[in-house]
Amino acid sequence: MAITTAKATTYHNFIDGAWVPSVSGDLFENRNPADSGDLIGVFQKSTRRDVERAIEAARRAYEHWRLVPAPRRAERLFRAAQLIAERKEALARDMTREMGKILDETRGDVQEAIDMTYFMAGEGRRQYGQTVPSELRDKFAMSVRQPLGVCAVITPWNFPMAIPSWKIIPALVCGNTVVFKPATLTPLSALNFVKILEDAGIPPGVVNLVTGGGEEVGNALLVDDDVRVVSFTGSTGVGRTVSETAAPSFKKVHLEMGGKNVIIIMDDAKLDLAVEGCLWGGFGTSGQRCTAASRVVVHDAVYDTFVEQFSARARSLRVGDGVDPSTQMGPVVSRSQLDTVMKYVDIGQKEGARLVCGGHALTSGGYGKGFFHEPTIFADVAPTMRIAQEEIFGPVVSIIRCRSLDEAVTIGNTVQYGLSASIYTQDINRAFSAMRDLYTGIFYVNAPTIGAEVHLPFGGTKATGNGHREAGTAALDVFSEWKSVYVDFSGRLQRAQIDTADL
Ligand code: NAD
């Protein structure tokens, strides 16, 4: 898995059951975003050739794995869930070190992988199909799920273990094999996850890990005819490239992409609860969640009070290294993410929004070696401003005023994305109207836009997704396809839709 020298630990790819270096011999560094002097390790900068080897291994392994009965496949996955649970604390610490979010949140990320693995392992004994009466005598009609083959799994860095588990575990329980390309910012958590699958007894070639850049490694997966499914989570821009590149070979492409999620606060809301929700929704993971509440639409009657209370609480959040138990918000993941946040703070000010809190990168004292930014709030944001329309993916929240529920819903829907929305109200009629009219894949009442559980479908509408869902049993639809089976035991030719006289 790794070789440690005085300089650094070198981590390898996992292909056909062996930990191997890239054919290129090139490496890339993984550093701690809270302290860029902390080198976590060096990882394989893989090439097209490495990807081809991994696909070939997965293709061969598929011929065996697809025939292993699903309940037997699931036994290995139950074992994997146990191992993740046993290693939870170490996995969370590695994750905080490589991507910055606080330990409570990385423990949550690992917990999500445990939950998903147990849930999907249960599907080894379900994967229900349909049996229906045939329109003809002495004929049996049913549908069964069948696997597709080699699945490419391409993931982002913000949920380094949860998101891979959402894809790899359902792929495996359905009988597929996998080539996994994680984000370059979080290869260690990916490697830890694959090591657990190896330790759980998943056979060689069934899961392969190839680290490296999106254009080289990711692209090689998209153009190979032997890859039949691509499951991608990341930005909308890259998702579009993934979709276009995979289209000529008619792969099944599952995309989970960006968000610009909204919390609506009505005049009858419990304001304390709404403030708590906006803090967690806006600044959890330093705002780097696809479901982050980056827009808050507030009714005119409570607007000023909300802005005052929310900004007071945001100002008091303790920013720091995520391993420190007193830290409430960690760094952003990289220099380039910090630059993006600073760019949008500048854009917001130029657009005329009112900066009520934060607005600066933290660069002095203990912050000097990391990528820290103050929790930042803009008030008096117009719905058309770029800070209200574009995904920033950092600790920046835009507050927009509304005068009615209808207006709030229109504002909520007038973005290109459609992942998650929420409403704070004590009025059940308003809650249900908003649930019906906000065009998103996920909706909350009296809770922020984050907090999905593994046993319901997860995904978004419009530029967030392409119609698929992950998690829940919906994930099985990504990683399997239906075969309809007719068994005629009449002993004679029976013609469907033609031999209709027989009552
Ligand atoms: P990204 O799009 O930059 O990268 C995602 C993955 O795609 C990485 O592994 C990257 O290496 C790879 N990639 C890059 N170029 C590629 C190419 N040409 N071909 C194939 N693969 C390529 O995203 P990111 O910065 O890692 O993550 C942040 C984004 O992910 C945000 O937009 C966020 O909203 C989104 N996200 C969405 C969800 C969701 O479920 N909807 C969940 C988490 C994150």
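A polar contact is a pair of N or O atoms within 3.5 Å; within protein, one must be able to donate a hydrogen and the other to accept it, and residues adjacent in sequence count only if both atoms are side-chain atoms. This structure is a predicted model, in which local features need pLDDT of at least 70 and side-chain atom pairs count only at pLDDT 80 or more, while totals for chains, interfaces and linings use all residues. Residues are numbered from 1 along each chain as its sequence is written, and side-chain values use heavy atoms, with hydrogens and water left out.

**Contacts of the ligand**
- In the side chain of Ser235, an N or O atom lies 2.6 Å from an oxygen atom of the ligand.
- For the side chain of Glu391, the distance from an N or O atom to a ligand oxygen atom is 2.5 Å.
- Gly234 has a polar backbone atom 3.4 Å from an oxygen atom of the ligand.
- The ligand exposes 850 Å² when taken alone, and the protein buries 88% of that (accessible areas by the Shrake-Rupley method with a 1.4 Å probe).

**The surrounding shell**
- The ligand is surrounded by 27 residues (each with a heavy atom within 4 Å of it), and the closest are Thr155, Ser235, Met257, Cys290 and Glu391.
- α7 (214-223) and β12 (227-233) each supply at least two shell residues (helices are DSSP runs of H or I, at least four residues, and strands runs of E, at least two, numbered from the N terminus).
- With four residues, α7 gives the most to the shell.

**Position between domains**
- Because domain 1 (50-126 + 145-257 + 465-483) and domain 2 (262-445) both give residues to the shell, the ligand lies between them; the bounds come from an automatic or database domain assignment.
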